[in-house]
Protein chains: 2
Amino acid sequence: MGEVNEPRSECPINAAIEAFGDRWTLIVLRDIVFGDRRYFRELQAKSIEGIASNILADRLKRLVRSGLLTREDARPGQRARYSLTEPAIQLVPVFAQLGSWGLRHRPTSSALNARAVLLEQGGPALWQEFMDELRREHLGSELPARSPSVRERLNAAYLAANGSS
Amino acid sequence: MGEVNEPRSECPINAAIEAFGDRWTLIVLRDIVFGDRRYFRELQAKSIEGIASNILADRLKRLVRSGLLTREDARPGQRARYSLTEPAIQLVPVFAQLGSWGLRHRPTSSALNARAVLLEQGGPALWQEFMDELRREHLGSELPARSPSVRERLNAAYLAANGSS
DNA sequence: CCTTCCGCTTGTGATTTGCAACCGCTCGTT
DNA sequence: AACGAGCGGTTGCAAATCACAAGCGGAAGG
């Protein structure tokens, strides 16, 4: 529970691994970023990998403590909403590279691939646009919104691939 | 030991996490890619994070089984050399993004940062050059070599940052 | 009051980790 | 032939972590 562990090394790659290098943390963040899930039950019930509630609770706590998420508090029994912080939003390029790699080197479903393909084709420009979108939704930034949103486009790609299969 | 586990989902990001999403696998690959270590004892003794020999043995086995490394066999008692495969070489952009993120959002040492900074500044062009270099060293590809090598430059940046601190 | 939904917590056993010691093999030296 | 150093690991054990299922107290609606 209480791990104020000093890092194993001061290498930036190791720092990233210590922040989200386990089997669940990035999955949770992925669902918030791409799946637009912001509530506990939503994250648990819609999880395609089937995360257990205690693991989810633990990861959310750690992510809040490590500054990757904020929890907009609600009294017990109320819906508590989680929001991405700027460091978490800046994981978009990491997700894009992970998706590209998985796409190319592992067997994956064509429907779920569609998003990774689009994110790869869009390149850094699309990533930036998506990050601005996330800043608007999660940080309440006042940047002008574009239409259609990147997430709408990513979901459209997924649905198109899903429908045609 | 015997995990022929089917994947939790067919999502490309999840596939990447299942391949190297734990606290040690990427560390081992990082030391092979950037530290030019190719032998068991070398990987264990020079590890700044201090990996244990049983964990290292397990990860090397898994990486060979999953097609990210090859082991050039030697008779027992002989040095066995590990080489990167093409999928592992294509992790360079992933490492670059992880390094950039860790650099920006976690406390890290300026000396170890130097490599991540250079890799970031060089961008995709430098990543490609580095990947070609790795193909030459690990796959025996016949591409012409450039001088100085990317690794030499990365190490020079590290030493410069280390000397000045 | 009763049901439903909310974010979790609490067991329980199985798996994985970290640590240290040890092993069988080969090679170069004496 | 004997030795020591170096090679890639294995083994045993305790501690931490994980996965699965069930349950819990508060709040809101009927």
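This short talk walks through how the protein chains meet DNA strand D, and then looks at two cysteines.

Hi everyone, and thanks for coming. One thing to keep in mind from the start: this is a predicted model.

Let's begin with the DNA. How many residues surround DNA strand D? There are 21 of them, and the closest are W24(A), N54(A), R41(B), R71(B) and Y82(B). If you sort the residues of that surface by character, you get eight nonpolar, eight polar and five charged.

Which helices help build this surface? From chain A it is helix 4, residues 53-65, and from chain B it is helix 3, residues 40-45, together with helix 4, residues 53-65. Each of these supplies at least two residues.

Now, which parts of the strand face the protein? Of the strand D atoms within 4 Å of the protein, 61% belong to sugar or phosphate, and the rest belong to bases.

We can put some side chains to that picture. On the phosphate side, R59(A) places a polar side-chain atom 2.8 Å from a phosphate oxygen of DNA strand D. K61(B) also has a side-chain N or O atom by a phosphate oxygen of the strand, here at 3.1 Å. For the bases, please find R41(B) on your screen: an N or O atom in its side chain is 2.3 Å from a base nitrogen of DNA strand D.

Last stop, the cysteines. Is C11(A) buried or exposed? C11(A) is buried, with a relative accessible area of 7%. C11(B) is buried too, at 8%. As for disulfides, the structure holds zero over all chains.

That's my tour, and I'm happy to take questions!

Notes:
Residues are numbered from 1 along each chain as its sequence is written. Chains are lettered from A and ligands numbered from 1 in the order in which they are written. This is a predicted model: local features need pLDDT of at least 70, side-chain atom pairs count only at pLDDT 80 or more; totals for chains, interfaces and linings use all residues. Side-chain values use heavy atoms; hydrogens and water are left out. A disulfide is a pair of cysteine sulfur atoms within 2.5 Å. Buried means under 20% relative accessible area, exposed over 50%, partly exposed in between (1.4 Å probe, protein chains only). A residue is near a molecule or strand if one of its heavy atoms lies within 4 Å of it. A polar contact is a pair of N or O atoms within 3.5 Å; within protein, one must be able to donate a hydrogen and the other to accept it, and residues adjacent in sequence count only if both atoms are side-chain atoms. Helices (H or I, at least four residues) and strands (E, at least two) are DSSP runs, numbered from the N terminus. Ala, Val, Leu, Ile, Met, Phe, Trp, Tyr, Cys and Pro count as nonpolar, Asp, Glu, Lys and Arg as charged, and the others, Gly among them, as polar.
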